[in-house]
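Student: I am new to this structure. Please pick a single part, look at it closely, and then show me how the rest is arranged around that view.

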Amino acid sequence: MKSQQALNILLGIYIFIFFTYLFGPLVIMSITAFNSAEFPSVTPWECFSFRWFNEGKIAYDGQHLAGLATDWRLHEGLITSLKIGLGVVLLSVPIGLSAALVLTQVHSRFRTAFYSVSIMPVLFPGVIIGISTVVLWDRIASMGGGGLATQLGRNGIFLTILAQTCFISTYCFLIFVARLQRFDQTQEEAALDLGASQTQVFFKILIPYMMPAIASSCVIAFLASFENYNTTVFSILSDQTLTTVIASKVRLGISPAISSLALVIILITLTVTIVYEVLRRREDEKNRAIGSDALYAQTLDSRLKKIDKSEFSIPKPIFGVLLVIIVCIFSFNKLVENEIYGSACIAAKEKEKKSNFAEQLKLLQKNADKASQTSVQNGETGQKKEFGDIFGDPDLFKNFGGFDTKKKEDP
(Lines give C-alpha, C1' and ligand atoms only; values in the text may rest on other atoms or scores of the structure.)
Protein backbone atom coordinates (compact mmCIF):
# COMPACT_ATOMS: atom_id res chain seq x y z
CA MET A 1 0.00 0.00 0.00
CA LYS A 2 1.38 3.39 -0.96
CA SER A 3 1.97 6.06 1.63
CA GLN A 4 -0.59 8.36 -0.02
CA GLN A 5 -3.29 5.69 0.21
CA ALA A 6 -2.49 5.07 3.89
CA LEU A 7 -2.67 8.79 4.52
CA ASN A 8 -6.06 8.99 2.81
CA ILE A 9 -7.37 6.10 4.92
CA LEU A 10 -6.16 7.71 8.15
CA LEU A 11 -7.69 11.02 7.04
CA GLY A 12 -11.01 9.30 6.33
CA ILE A 13 -10.98 7.63 9.76
CA TYR A 14 -10.22 10.95 11.42
CA ILE A 15 -13.04 12.73 9.56
CA PHE A 16 -15.47 9.95 10.51
CA ILE A 17 -14.51 10.17 14.20
CA PHE A 18 -14.67 13.96 14.08
CA PHE A 19 -18.18 14.11 12.63
CA THR A 20 -19.34 11.29 14.90
CA TYR A 21 -18.15 13.31 17.87
CA LEU A 22 -19.96 16.40 16.59
CA PHE A 23 -23.26 14.94 15.45
CA GLY A 24 -23.48 11.68 17.43
CA PRO A 25 -25.17 13.25 20.49
CA LEU A 26 -27.70 15.00 18.24
CA VAL A 27 -28.58 11.76 16.50
CA ILE A 28 -28.95 9.87 19.80
CA MET A 29 -31.11 12.61 21.30
CA SER A 30 -33.31 12.62 18.20
CA ILE A 31 -33.83 8.85 18.51
CA THR A 32 -34.76 9.06 22.20
CA ALA A 33 -37.62 11.42 21.34
CA PHE A 34 -39.50 8.45 19.83
CA ASN A 35 -39.01 6.07 22.76
CA SER A 36 -42.09 5.80 24.98
CA ALA A 37 -39.95 5.44 28.13
CA GLU A 38 -40.14 8.14 30.81
CA PHE A 39 -36.38 8.73 30.69
CA PRO A 40 -34.60 9.47 27.38
CA SER A 41 -32.84 6.27 26.37
CA VAL A 42 -32.07 4.19 23.31
CA THR A 43 -31.70 0.93 25.22
CA PRO A 44 -33.81 -0.63 26.54
CA TRP A 45 -36.25 0.34 23.83
CA GLU A 46 -39.89 0.14 24.81
CA CYS A 47 -42.20 1.33 22.04
CA PHE A 48 -41.97 3.67 19.08
CA SER A 49 -44.28 6.52 20.01
CA PHE A 50 -45.03 10.20 19.36
CA ARG A 51 -46.32 10.74 22.91
CA TRP A 52 -43.50 13.17 23.81
CA PHE A 53 -44.41 15.37 20.86
CA ASN A 54 -48.07 15.45 21.94
CA GLU A 55 -49.68 15.20 25.37
CA GLY A 56 -47.00 13.24 27.26
CA LYS A 57 -47.90 10.73 29.96
CA ILE A 58 -49.69 10.46 33.30
CA ALA A 59 -47.39 8.80 35.84
CA TYR A 60 -48.48 6.34 38.56
CA ASP A 61 -48.62 9.10 41.20
CA GLY A 62 -50.91 11.23 39.03
CA GLN A 63 -48.15 13.58 37.94
CA HIS A 64 -48.43 14.76 34.35
CA LEU A 65 -45.18 14.22 32.44
CA ALA A 66 -45.94 16.87 29.83
CA GLY A 67 -45.10 16.43 26.19
CA LEU A 68 -43.91 19.14 23.84
CA ALA A 69 -47.43 20.19 22.84
CA THR A 70 -48.74 20.47 26.43
CA ASP A 71 -45.73 21.88 28.30
CA TRP A 72 -46.83 25.45 29.00
CA ARG A 73 -43.48 26.36 30.57
CA LEU A 74 -41.67 25.61 27.33
CA HIS A 75 -44.29 27.57 25.40
CA GLU A 76 -43.94 30.65 27.58
CA GLY A 77 -40.16 30.38 27.54
CA LEU A 78 -40.17 30.14 23.74
CA ILE A 79 -42.34 33.25 23.39
CA THR A 80 -40.10 35.17 25.80
CA SER A 81 -36.98 34.07 23.92
CA LEU A 82 -38.49 35.25 20.63
CA LYS A 83 -39.32 38.65 22.14
CA ILE A 84 -35.83 39.05 23.54
CA GLY A 85 -34.21 37.88 20.31
CA LEU A 86 -36.19 40.40 18.27
CA GLY A 87 -35.26 43.22 20.67
CA VAL A 88 -31.59 42.26 20.58
CA VAL A 89 -31.58 42.25 16.76
CA LEU A 90 -33.22 45.69 16.63
CA LEU A 91 -30.53 47.11 18.93
CA SER A 92 -27.39 45.12 18.09
CA VAL A 93 -27.43 45.51 14.30
CA PRO A 94 -27.66 49.34 14.24
CA ILE A 95 -25.07 49.63 17.04
CA GLY A 96 -22.66 47.30 15.27
CA LEU A 97 -23.13 49.06 11.92
CA SER A 98 -22.61 52.48 13.49
CA ALA A 99 -19.43 51.36 15.26
CA ALA A 100 -18.08 49.84 12.03
CA LEU A 101 -18.74 53.06 10.08
CA VAL A 102 -17.08 55.13 12.79
CA LEU A 103 -14.04 52.84 12.63
CA THR A 104 -13.63 53.66 8.94
CA GLN A 105 -13.89 57.41 9.56
CA VAL A 106 -11.82 57.80 12.75
CA HIS A 107 -8.21 58.97 12.51
CA SER A 108 -5.65 56.21 12.02
CA ARG A 109 -3.94 57.09 15.33
CA PHE A 110 -7.08 56.26 17.30
CA ARG A 111 -8.34 53.40 15.14
CA THR A 112 -6.59 50.67 17.12
CA ALA A 113 -7.83 52.03 20.43
CA PHE A 114 -11.39 52.38 19.13
CA TYR A 115 -11.30 48.82 17.76
CA SER A 116 -10.06 47.47 21.11
CA VAL A 117 -12.78 49.27 23.05
CA SER A 118 -15.46 48.05 20.60
CA ILE A 119 -14.59 44.36 20.96
CA MET A 120 -13.97 44.55 24.72
CA PRO A 121 -17.51 43.40 25.75
CA VAL A 122 -16.83 40.00 24.19
CA LEU A 123 -13.99 39.48 26.66
CA PHE A 124 -16.20 40.06 29.72
CA PRO A 125 -17.85 37.00 31.32
CA GLY A 126 -21.58 36.84 30.70
CA VAL A 127 -22.21 36.56 34.44
CA ILE A 128 -20.55 39.95 35.03
CA ILE A 129 -22.56 41.60 32.28
CA GLY A 130 -25.84 40.23 33.61
CA ILE A 131 -25.20 41.18 37.23
CA SER A 132 -23.88 44.65 36.38
CA THR A 133 -26.93 45.36 34.21
CA VAL A 134 -29.31 44.39 37.00
CA VAL A 135 -27.40 46.45 39.60
CA LEU A 136 -27.26 49.54 37.37
CA TRP A 137 -30.93 49.54 36.46
CA ASP A 138 -31.94 48.73 40.02
CA ARG A 139 -30.29 52.00 41.07
CA ILE A 140 -32.01 53.80 38.21
CA ALA A 141 -35.36 52.27 39.18
CA SER A 142 -34.91 53.32 42.81
CA MET A 143 -34.39 56.91 41.68
CA GLY A 144 -37.25 56.83 39.18
CA GLY A 145 -39.96 57.53 41.72
CA GLY A 146 -42.34 54.88 40.38
CA GLY A 147 -42.30 56.17 36.81
CA LEU A 148 -41.29 54.58 33.53
CA ALA A 149 -37.67 54.18 34.63
CA THR A 150 -38.81 52.15 37.63
CA GLN A 151 -40.97 49.87 35.50
CA LEU A 152 -38.18 49.28 32.98
CA GLY A 153 -35.59 48.74 35.69
CA ARG A 154 -37.67 45.91 37.18
CA ASN A 155 -38.63 44.32 33.84
CA GLY A 156 -36.65 41.14 33.22
CA ILE A 157 -37.21 41.11 29.45
CA PHE A 158 -35.96 44.69 29.08
CA LEU A 159 -32.90 44.03 31.24
CA THR A 160 -32.06 40.87 29.32
CA ILE A 161 -32.27 42.70 25.98
CA LEU A 162 -29.84 45.35 27.23
CA ALA A 163 -27.47 42.81 28.80
CA GLN A 164 -27.31 40.64 25.69
CA THR A 165 -26.93 43.66 23.40
CA CYS A 166 -23.73 44.62 25.24
CA PHE A 167 -21.77 41.72 23.75
CA ILE A 168 -23.90 40.58 20.80
CA SER A 169 -23.50 43.99 19.14
CA THR A 170 -19.77 43.22 19.05
CA TYR A 171 -20.43 40.18 16.86
CA CYS A 172 -22.35 42.40 14.45
CA PHE A 173 -19.54 44.95 14.56
CA LEU A 174 -16.96 42.36 13.49
CA ILE A 175 -19.16 41.21 10.59
CA PHE A 176 -19.63 44.77 9.33
CA VAL A 177 -15.91 45.52 9.64
CA ALA A 178 -15.06 42.47 7.53
CA ARG A 179 -17.54 43.62 4.87
CA LEU A 180 -16.37 47.25 4.84
CA GLN A 181 -12.76 46.22 4.31
CA ARG A 182 -13.70 45.23 0.74
CA PHE A 183 -15.76 48.33 0.04
CA ASP A 184 -14.49 50.67 -2.67
CA GLN A 185 -14.85 54.15 -1.24
CA THR A 186 -14.36 55.72 -4.65
CA GLN A 187 -18.01 54.90 -5.32
CA GLU A 188 -19.04 57.27 -2.54
CA GLU A 189 -16.65 59.95 -3.77
CA ALA A 190 -17.98 59.64 -7.31
CA ALA A 191 -21.58 59.94 -6.11
CA LEU A 192 -20.74 63.02 -4.04
CA ASP A 193 -18.98 64.61 -7.03
CA LEU A 194 -22.11 64.02 -9.11
CA GLY A 195 -24.22 65.96 -6.62
CA ALA A 196 -25.59 63.27 -4.32
CA SER A 197 -26.07 64.07 -0.66
CA GLN A 198 -24.59 62.08 2.22
CA THR A 199 -28.02 60.60 2.94
CA GLN A 200 -28.44 59.46 -0.65
CA VAL A 201 -24.97 57.93 -0.71
CA PHE A 202 -25.74 56.07 2.51
CA PHE A 203 -29.07 54.62 1.37
CA LYS A 204 -28.33 54.18 -2.34
CA ILE A 205 -24.76 52.86 -2.25
CA LEU A 206 -23.61 51.79 1.20
CA ILE A 207 -26.75 50.05 2.49
CA PRO A 208 -27.24 47.88 -0.65
CA TYR A 209 -23.59 46.87 -0.43
CA MET A 210 -23.97 46.01 3.27
CA MET A 211 -27.19 44.01 2.88
CA PRO A 212 -25.48 40.56 3.00
CA ALA A 213 -23.66 41.59 6.19
CA ILE A 214 -26.86 43.01 7.67
CA ALA A 215 -28.71 39.75 7.00
CA SER A 216 -25.87 37.71 8.51
CA SER A 217 -25.74 39.98 11.55
CA CYS A 218 -29.48 39.62 12.13
CA VAL A 219 -29.27 35.83 12.03
CA ILE A 220 -26.21 35.62 14.26
CA ALA A 221 -27.60 38.14 16.75
CA PHE A 222 -30.89 36.27 17.02
CA LEU A 223 -29.25 32.87 17.44
CA ALA A 224 -26.75 34.20 20.01
CA SER A 225 -29.63 35.71 21.99
CA PHE A 226 -31.81 32.62 21.66
CA GLU A 227 -29.23 30.21 23.08
CA ASN A 228 -27.63 32.50 25.68
CA TYR A 229 -27.78 31.32 29.29
CA ASN A 230 -24.98 32.85 31.40
CA THR A 231 -26.13 36.44 31.00
CA THR A 232 -29.83 35.65 30.78
CA VAL A 233 -30.10 33.68 34.01
CA PHE A 234 -29.01 36.74 36.05
CA SER A 235 -30.90 39.44 34.16
CA ILE A 236 -34.24 37.75 33.43
CA LEU A 237 -35.41 38.13 37.06
CA SER A 238 -38.80 36.41 37.55
CA ASP A 239 -39.36 35.65 33.85
CA GLN A 240 -37.97 32.63 32.04
CA THR A 241 -36.59 32.04 28.58
CA LEU A 242 -36.43 28.73 26.76
CA THR A 243 -32.84 28.10 27.88
CA THR A 244 -33.59 28.80 31.55
CA VAL A 245 -36.69 26.60 31.42
CA ILE A 246 -34.70 23.73 29.95
CA ALA A 247 -31.95 24.21 32.55
CA SER A 248 -34.48 24.11 35.41
CA LYS A 249 -36.03 20.95 33.98
CA VAL A 250 -32.66 19.23 33.62
CA ARG A 251 -31.94 19.78 37.32
CA LEU A 252 -34.98 17.64 38.16
CA GLY A 253 -34.20 14.99 35.53
CA ILE A 254 -34.08 14.98 31.78
CA SER A 255 -37.49 14.65 30.14
CA PRO A 256 -38.06 13.11 26.69
CA ALA A 257 -39.95 16.31 25.83
CA ILE A 258 -36.54 18.02 25.74
CA SER A 259 -35.43 15.47 23.15
CA SER A 260 -38.49 16.17 21.02
CA LEU A 261 -37.82 19.91 21.28
CA ALA A 262 -34.21 19.35 20.22
CA LEU A 263 -35.38 17.33 17.21
CA VAL A 264 -37.79 20.08 16.17
CA ILE A 265 -35.03 22.70 16.39
CA ILE A 266 -32.67 20.49 14.38
CA LEU A 267 -35.29 19.97 11.66
CA ILE A 268 -36.03 23.70 11.48
CA THR A 269 -32.31 24.45 11.20
CA LEU A 270 -31.82 21.90 8.43
CA THR A 271 -34.86 23.16 6.55
CA VAL A 272 -33.72 26.79 6.68
CA THR A 273 -30.20 25.79 5.64
CA ILE A 274 -31.41 23.75 2.67
CA VAL A 275 -33.80 26.48 1.52
CA TYR A 276 -31.05 29.09 1.78
CA GLU A 277 -28.61 26.92 -0.17
CA VAL A 278 -31.15 26.29 -2.93
CA LEU A 279 -31.94 29.99 -3.24
CA ARG A 280 -28.25 30.89 -3.24
CA ARG A 281 -27.46 28.45 -6.03
CA ARG A 282 -30.36 29.73 -8.10
CA GLU A 283 -29.14 33.28 -7.61
CA ASP A 284 -25.61 32.27 -8.66
CA GLU A 285 -26.91 30.56 -11.78
CA LYS A 286 -29.00 33.62 -12.61
CA ASN A 287 -25.99 35.92 -12.20
CA ARG A 288 -23.84 33.66 -14.38
CA ALA A 289 -26.51 33.66 -17.06
CA ILE A 290 -26.75 37.45 -16.96
CA GLY A 291 -22.96 37.74 -17.18
CA SER A 292 -22.84 35.31 -20.08
CA ASP A 293 -25.54 37.20 -21.97
CA ALA A 294 -23.77 40.51 -21.39
CA LEU A 295 -20.47 39.09 -22.60
CA TYR A 296 -22.17 37.65 -25.69
CA ALA A 297 -23.80 41.02 -26.43
CA GLN A 298 -20.37 42.66 -26.38
CA THR A 299 -18.43 40.07 -28.42
CA LEU A 300 -21.20 38.46 -30.52
CA ASP A 301 -19.29 35.20 -30.19
CA SER A 302 -21.69 32.29 -30.66
CA ARG A 303 -19.58 30.10 -28.41
CA LEU A 304 -20.52 32.32 -25.47
CA LYS A 305 -24.22 32.05 -26.19
CA LYS A 306 -25.93 29.77 -23.72
CA ILE A 307 -28.28 27.36 -25.44
CA ASP A 308 -31.37 26.60 -23.39
CA LYS A 309 -32.22 22.91 -23.39
CA SER A 310 -35.88 22.04 -23.44
CA GLU A 311 -35.29 18.53 -22.13
CA PHE A 312 -36.92 17.63 -18.84
CA SER A 313 -34.43 16.64 -16.13
CA ILE A 314 -35.13 15.45 -12.60
CA PRO A 315 -33.16 17.37 -9.94
CA LYS A 316 -30.63 15.21 -8.16
CA PRO A 317 -31.84 16.08 -4.63
CA ILE A 318 -35.16 14.43 -5.52
CA PHE A 319 -33.47 11.03 -5.53
CA GLY A 320 -32.14 11.63 -2.02
CA VAL A 321 -35.60 12.64 -0.79
CA LEU A 322 -37.15 9.55 -2.38
CA LEU A 323 -34.51 7.34 -0.75
CA VAL A 324 -35.27 8.84 2.68
CA ILE A 325 -39.02 8.31 2.16
CA ILE A 326 -38.51 4.68 1.13
CA VAL A 327 -36.28 4.01 4.17
CA CYS A 328 -38.85 5.60 6.49
CA ILE A 329 -41.70 3.53 5.03
CA PHE A 330 -39.67 0.31 5.27
CA SER A 331 -38.66 1.09 8.89
CA PHE A 332 -42.24 1.88 9.87
CA ASN A 333 -43.47 -1.41 8.44
CA LYS A 334 -40.82 -3.25 10.43
CA LEU A 335 -41.94 -1.50 13.60
CA VAL A 336 -45.53 -2.55 13.02
CA GLU A 337 -44.54 -6.14 12.23
CA ASN A 338 -42.44 -6.44 15.39
CA GLU A 339 -45.28 -4.97 17.50
CA ILE A 340 -43.20 -2.14 18.91
CA TYR A 341 -45.49 0.62 17.68
CA GLY A 342 -49.00 1.59 18.65
CA SER A 343 -51.21 1.82 21.71
CA ALA A 344 -51.18 -1.95 22.27
CA CYS A 345 -47.40 -1.95 22.70
CA ILE A 346 -47.52 1.00 25.08
CA ALA A 347 -50.30 -0.61 27.15
CA ALA A 348 -48.33 -3.86 27.44
CA LYS A 349 -45.17 -2.05 28.53
CA GLU A 350 -47.07 0.03 31.05
CA LYS A 351 -48.67 -3.07 32.52
CA GLU A 352 -45.28 -4.75 32.79
CA LYS A 353 -43.71 -1.76 34.53
CA LYS A 354 -46.69 -1.46 36.83
CA SER A 355 -46.37 -5.11 37.79
CA ASN A 356 -42.65 -4.71 38.48
CA PHE A 357 -43.36 -1.66 40.61
CA ALA A 358 -45.97 -3.63 42.56
CA GLU A 359 -43.45 -6.40 43.23
CA GLN A 360 -41.00 -3.87 44.59
CA LEU A 361 -43.66 -2.45 46.91
CA LYS A 362 -44.47 -5.94 48.13
CA LEU A 363 -40.80 -6.50 48.86
CA LEU A 364 -40.65 -3.27 50.81
CA GLN A 365 -43.74 -4.31 52.78
CA LYS A 366 -42.15 -7.66 53.67
CA ASN A 367 -38.92 -5.97 54.76
CA ALA A 368 -40.88 -3.51 56.90
CA ASP A 369 -42.85 -6.32 58.57
CA LYS A 370 -39.69 -8.30 59.19
CA ALA A 371 -37.99 -5.27 60.71
CA SER A 372 -41.01 -4.64 62.96
CA GLN A 373 -41.01 -8.23 64.21
CA THR A 374 -37.28 -8.07 64.91
CA SER A 375 -37.74 -4.81 66.82
CA VAL A 376 -40.50 -6.31 68.96
CA GLN A 377 -38.37 -9.32 69.80
CA ASN A 378 -35.42 -7.14 70.72
CA GLY A 379 -37.53 -4.73 72.80
CA GLU A 380 -36.92 -1.80 70.46
CA THR A 381 -40.51 -0.94 69.61
CA GLY A 382 -40.10 2.66 70.70
CA GLN A 383 -37.04 3.20 68.56
CA LYS A 384 -38.44 1.54 65.42
CA LYS A 385 -41.99 2.81 65.65
CA GLU A 386 -41.56 5.47 62.98
CA PHE A 387 -40.18 2.96 60.49
CA GLY A 388 -42.96 0.51 61.21
CA ASP A 389 -45.64 3.14 60.69
CA ILE A 390 -44.56 3.79 57.09
CA PHE A 391 -46.71 0.91 55.86
CA GLY A 392 -49.12 1.05 58.77
CA ASP A 393 -52.08 2.03 56.60
CA PRO A 394 -53.95 -1.20 55.74
CA ASP A 395 -55.42 0.41 52.60
CA LEU A 396 -52.10 1.69 51.28
CA PHE A 397 -51.98 -0.70 48.33
CA LYS A 398 -55.67 -1.46 48.14
CA ASN A 399 -56.39 0.38 44.90
CA PHE A 400 -53.03 -0.12 43.25
CA GLY A 401 -53.07 -2.30 40.16
CA GLY A 402 -51.15 -5.54 40.27
CA PHE A 403 -52.11 -6.53 43.82
CA ASP A 404 -54.49 -9.28 44.77
CA THR A 405 -57.20 -7.43 46.72
CA LYS A 406 -59.18 -10.56 47.62
CA LYS A 407 -58.89 -11.77 51.20
CA LYS A 408 -57.53 -15.20 51.70
CA GLU A 409 -60.04 -17.71 53.00
CA ASP A 410 -59.26 -19.45 56.26
CA PRO A 411 -58.58 -23.18 55.76
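Tutor: Start with a term. A polar contact is a pair of N or O atoms within 3.5 Å; within protein, one atom must be able to donate a hydrogen and the other to accept it. Residues adjacent in sequence count only if both atoms are side-chain atoms. Keep in mind that this is a predicted model.

Now the close look. Our part is Ser235. Find helix α9, which covers residues 232-235; Ser235 belongs to this helix. Which side chain does Ser235 join in a polar contact? The partner is Thr160, and the two side chains are 3.3 Å apart. That distance fits the definition, because the limit is 3.5 Å.

Is Ser235 buried or exposed? The relative accessible area of Ser235 is 0%. Buried means under 20%, so Ser235 counts as buried. What does Ser235 touch, once neighbours within four places in sequence are set aside? The list is Gly130, Val134, Gly156, Leu159, Thr160 and Ala163. Thr160 therefore appears twice in this picture: as a contact of Ser235 and as its polar partner.

Step back to the whole chain. It has 411 residues, and 28% of them count as buried. Ser235 is one of the buried residues. The secondary structure comes to 14 helices and two strands. Take the contacts in the chain with a separation of 6 or more: 64% of them involve residues 24 or more positions apart.

Next, the open space. The largest pocket holds about 1100 Å³. Its lining has 23 residues. Nearest the centre of this pocket lie Val219, Phe222, Leu223, Ile268 and Thr269. What kinds of residue make up the lining? There are 18 nonpolar residues, four polar and one charged. Four helices each supply at least two lining residues: α2 (72-105), α8 (198-227), α10 (242-251) and α11 (256-299). Helix α11 gives the largest share, with 10 residues.

Helix α11 has a second story, told by charged side chains. In this helix, Arg281 and Glu277 form a salt bridge, 3.1 Å from N to O. Why can they pair? They sit four residues apart in α11, so about one helical turn separates them. Arg281 is exposed, at 52% relative accessibility. Glu277 is partly exposed, with a relative accessible area of 27%.

Asp284 and Arg280 form a salt bridge too, at 2.9 Å from N to O. Asp284 and Arg280 are also four residues apart in α11, about one turn of the helix. Asp284 is partly exposed at 28%. Arg280 is partly exposed at 33%. Salt bridges with shared partners tie Glu277, Arg280, Arg281 and Asp284 into one network.

One more salt bridge joins the side chains of Asp138 and Arg139, 3.0 Å from N to O. Asp138 is partly exposed, with a relative accessible area of 29%. The count for the chain comes to six salt bridges.

Now set the two views side by side. Ser235 is buried at 0% and makes its polar contact with Thr160. Arg281 is exposed at 52% and makes a salt bridge with Glu277.

Notes:
Residues are numbered from 1 along each chain as its sequence is written. This is a predicted model: local features need pLDDT of at least 70, side-chain atom pairs count only at pLDDT 80 or more; totals for chains, interfaces and linings use all residues. Side-chain values use heavy atoms; hydrogens and water are left out. On a 1 Å grid over the protein atoms alone, a cavity is a set of points where a 1.4 Å probe fits but cannot get out, and a pocket is an open set with protein on both sides within 12 Å along at least five of seven lines; lining residues have an atom within 4 Å of a point. Grid points are joined across faces, edges and corners, and a volume is the space filled by probe spheres set on the points. Ala, Val, Leu, Ile, Met, Phe, Trp, Tyr, Cys and Pro count as nonpolar, Asp, Glu, Lys and Arg as charged, and the others, Gly among them, as polar. A salt bridge is a side-chain nitrogen of Lys or Arg within 4 Å of a carboxyl oxygen of Asp or Glu. Buried means under 20% relative accessible area, exposed over 50%, partly exposed in between (1.4 Å probe, protein chains only). Contact means heavy atoms within 4.5 Å.
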